[in-house]
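Q: Can you walk me through how to read a fold, one feature at a time? I have the coordinates open.
A: Yes. Here is the model to work from.

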Amino acid sequence: MARKWQKEASRSYCNEKITNKGHFVVYTADHNRFVIPLQYLNTTLFKELLRMSEDEFGLPTDGPITLLCDSTLMSYLINVFERGLSIELEKALLVSTVD
């Protein structure tokens, strides 16, 4: 699944916006833009966010990747990823995000 999203991230709308190498762009449901490191695609939590997005919107073909979460949650998740995501916290976030 991560490879599919890496491929989409590399050729989708994010190429129209300048991003750092090793990053891709996502938008939240409230239309805020985030530049995300590709390494986040290896986390179960981010994979679940992408799966939920795919279920809701399908794979983007000519537009941005849009996640179902709002910018407040995305900012929090980025902060958690930067500090180091423990397995216990990831499981708790998965439960709260999916519900």
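**Reading the sheet first**

A: Start with the strands. Three of them form an open sheet in the order β2-β1-β3, and the pairing is mixed. The edge strands, each pairing on one side only, are β2 (33–37) and β3 (65–66). Keep in mind that this is a predicted model.

Q: In which sense do β1 and β2 pair, and over how many bridges?
A: Read the direction of each strand, then count the bridges. β1 and β2 pair in the antiparallel sense, over five bridges. They make a hairpin with five residues between the two strands. In that turn, H31 has a positive phi of about 70°.

Q: How do β1 and β3 run, parallel or antiparallel?
A: Parallel, with two bridges joining β1 (residues 23–27) to β3. Take the bridges residue by residue. Y27 has T66 as its bridge partner in β3. V26 has I65 as its bridge partner in β3. In β2, the partner of V26 is F34.

Q: How many residues of β1 are buried?
A: Check the accessible area of each residue in the strand. Four of the five residues of β1 are buried, so the strand is mostly covered.

Q: Now zoom out. What pattern does the protein follow along the sequence?
A: List the elements from the N terminus. The pattern is α-β-β-α-β-α-α. That comes to four helices and three strands.

Q: What share of the contacts joins residues at least 24 apart?
A: Set a floor on sequence separation before taking the share. Among contacts between residues at least 6 apart in sequence, 57% join residues at least 24 apart.

Q: What about burial and surface for the whole protein?
A: Use two separate totals. Of the 99 residues, 39% count as buried. The protein exposes about 6,000 Å², and carbon and sulfur atoms supply 49% of that area.

Q: Where should I look for nonpolar side chains?
A: In soluble globular proteins, nonpolar side chains tend to be buried together. Now the case here. The largest nonpolar core has 20 residues. Those with the most contacts inside this core are F24, V26, I36, F46, L67 and M74. At least two core residues come from each of β1, β2, α2, α3 and α4 (87–98). The top contributor is α3, with five residues.

Q: Which residues is I36 in contact with, leaving aside its neighbours within four places in sequence?
A: Skip the sequence neighbours, then list what remains. I36 is in contact with G22, H23, F24, V26, F46, M74 and I78.

Q: How do I check the geometry of a helix such as α3?
A: Compare the expected span with the distance between the end C-alpha atoms. Helix α3 (residues 71–83) has 13 residues, which at 1.5 Å a residue should span 18 Å. Its end C-alpha atoms are 18 Å apart, so the two agree.

Q: Which residues of α3 are buried?
A: S71, M74, L77, I78, V80 and F81 are buried in α3. Just after this helix, G84 takes a positive phi of about 110°.

Q: How many salt bridges does a search of the whole structure find?
A: Two. In one, the side chains of E48 and R51 meet, with N to O at 2.4 Å. In the other, D55 pairs with R51, and the closest N and O atoms are 2.3 Å apart. Sharing of partners joins E48, R51 and D55 into one network.

Q: How does that network sit on its helix?
A: Look at the sequence spacing. E48 and R51 both lie in helix α2 (residues 44–57), three residues apart, about one turn of the helix. D55 and R51 are four residues apart in α2, also about one turn.

Q: Why do the three residues of the network fall into separate burial classes?
A: Use the cut-offs: buried is under 20%, exposed is over 50%, and partly exposed lies in between. E48 counts as buried because its relative accessibility is 16%. R51 has a relative accessible area of 32%, so R51 is partly exposed. D55 counts as exposed because its relative accessibility is 55%.

Q: Which residues does F57 touch, not counting those up to four places away in sequence?
A: F57 lies in helix α2. F57 touches T66 and L68. The C-alpha atoms of F57 and L68 are separated by 9.2 Å, and the two residues are eleven apart along the chain. At 48% relative accessibility, F57 counts as partly exposed.

Methods: Residues numbered from 1 in each chain as written. Predicted model: local features only at pLDDT ≥ 70, side-chain atom pairs only at ≥ 80, totals over all residues. Heavy atoms only, no water. Buried < 20%, exposed > 50% of the residue type's maximum accessible area, 1.4 Å probe, protein only. Contact = heavy atoms within 4.5 Å. Areas by Shrake-Rupley, 256 points an atom, 1.4 Å probe, with all protein chains shown as cover. Salt bridge = Lys/Arg side-chain N within 4 Å of Asp/Glu carboxyl O. Expected span 1.5 Å × (residues − 1). Pairing = 2+ DSSP bridges. Core = buried A, V, L, I, M, F, W, Y, C linked by side-chain atoms within 4.5 Å.
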